[in-house]
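Q: Got a minute to go through this one with me? Let's start with the aromatic rings.

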Amino acid sequence: MLLPIRISLVSSDVQLISQLQLRLQSRGHQATGMSYIDSVLGAFYSDPPDLLIIDLSSDCNAGTTIITALRSDSFFSTIPIIGLVSNSDYDSFPWETYPLDDFVFLPLNFSELFCRIALSFSRLKRIFDNNPLTRLPGNTSIQRAIEDAMGKPQAVCHVDINHFKPYNDAFGFSHGDEVLRMLARIMFNAVRDAGGGFCGHIGGDDFVFIVSLTQLESVCKTVIDHFDQIVLDLFDEATKRQGYYNGTNRKGEMEKIPLLSISIAAVPMNSDKIRHVAKVAEVAAELKKLAKESEKSQYLVDQRKS
């Protein structure tokens, strides 16, 4: 069964929001209304929607601020945005200022709006490679971001969850999915708070983030500290005290499985030896193998110059 589409509505017109909510909910969507004076961006950070419908007929400046902030953020940049525009403003509307996915004229034709919503998601599936679970950019975007970082004072960091498969097997895929979403948010927030960068999800329990070399160690420590703190909530007190649980290893044998931890392999991109994306993956794989020798979360930075 497909989950309902979660739609955020932003307008200073309370009646319009109420009307939109009723019509969208009648189609099986979840609709949350907000005014421009609400903390719209804060609401997005805490609970991102699948689509934003924003009324640009009442407060263009506030609308510009919201749309620009979302489009400049790698995590939210792919969320479809549909603008509501007054028919009378069509010729004078500053379209170049609003990186919208689509627009609908006011007063609303709801049949048209429903079509625009469906088309927005259809277009999203064709164009973007974001991971459906974590919403982070996928392999095509990751490769592009790594290529863009070549030769710059930045580091590509590969993140891997240690002992993730036996955790999935022991506690179920729904719990495993929560761990993946949790790590994605921790990583994304750490990169954003450090001044920005790139976050991506290769697949499974493999992630990537790219930050400046000046922020590298700070971000790695933050990701590890927050993950290690939150992951304790996944286990009962007895399991936490003993530091392991009984589970099945990759050979199908019962053994003591350590608690979840993460390994981060950081590859500086201003090294002479890094000339291709494949080399980044090769160096990261070597570092992750070393990092996984410890039962605790840790990060390793490649120090080799050539």
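A: Sure. Keep in mind that this is a predicted model. Ring pairs join Y167, F171, F235 and Y245 into a cluster.

Q: How many aromatic pairs does the count come to?
A: The count is nine aromatic pairs. One of them is F44 with F76: the ring centres are 6.1 Å apart and the planes sit at 70°, which is over the 60 degrees needed, so the pair is edge-to-face.

Q: And which parts of the chain does that pair tie together?
A: F44 is in helix α2 (residues 40-46), while F76 is in the loop between α3 (60-71) and β4 (81-86), so the pair ties together parts that are 32 residues apart in sequence.

Q: Are those two buried or exposed?
A: F44 has 1% relative accessibility, so it counts as buried. F76 is also at 1% and counts as buried.

Q: Back to the cluster, then. How are the rings of F171 and F235 arranged?
A: Their centres are 5.8 Å apart and their planes are at 80°, so that pair is edge-to-face. It links distant parts of the chain: F171 belongs to helix α6 (residues 164-171), and F235 to the loop between α8 (216-231) and α9 (237-242), 64 residues apart.

Q: What about burial for F171 and F235?
A: F171 is partly exposed, with a relative accessible area of 32%. F235 is buried, at 7%.

Q: Y245 was in that cluster too. Which strand is it on, and which way do the side chains there point?
A: Y245 is on strand β9 (residues 244-248), where the side chains alternate. Y245 and G247 point to one face and are buried, whereas Y244, N246 and T248 point to the other and are not.

Q: What does β9 pair with?
A: Strand β10 (residues 254-258), running antiparallel to β9 and joined to it by five bridges. Y244 stands opposite P258 in β10. The two strands form a hairpin with five residues between them, and G252 in the turn has a positive phi of about 80°.

Q: Switching to helices: how do α7 and α8 cross?
A: The axes of α7 (residues 173-193) and α8 come within 9 Å and cross at roughly 145°. The crossing is right-handed.

Q: Which residues make that contact?
A: From α7, V179, M182, L183, I186, M187, A190 and V191. From α8, V219, T222, V223, H226, F227 and I230.

Q: Last one: what sits over the ring of F110?
A: The charged end of R23, 4.2 Å from the ring centre.

Notes: Residues are numbered from 1 along each chain as its sequence is written. Side-chain values use heavy atoms; hydrogens and water are left out. Rings of Phe, Tyr and Trp (its six-membered ring) pair if their centres lie within 6.5 Å; planes under 30 degrees apart count as stacked, over 60 as edge-to-face and the rest as tilted. Helices (H or I, at least four residues) and strands (E, at least two) are DSSP runs, numbered from the N terminus. Buried means under 20% relative accessible area, exposed over 50%, partly exposed in between (1.4 Å probe, protein chains only). A charge sits over a ring if NZ of Lys or CZ of Arg is within 6 Å of the ring centre and within 35 degrees of the ring normal. Two strands pair if DSSP finds at least two bridges between them. Axes are lines fitted to C-alpha atoms, for helices over the stretch in contact, and angles run from 0 to 180 degrees between N-to-C directions. A crossing is left-handed if the near helix is turned anticlockwise from the far one by less than a right angle, and right-handed if clockwise. Contact means heavy atoms within 4.5 Å.
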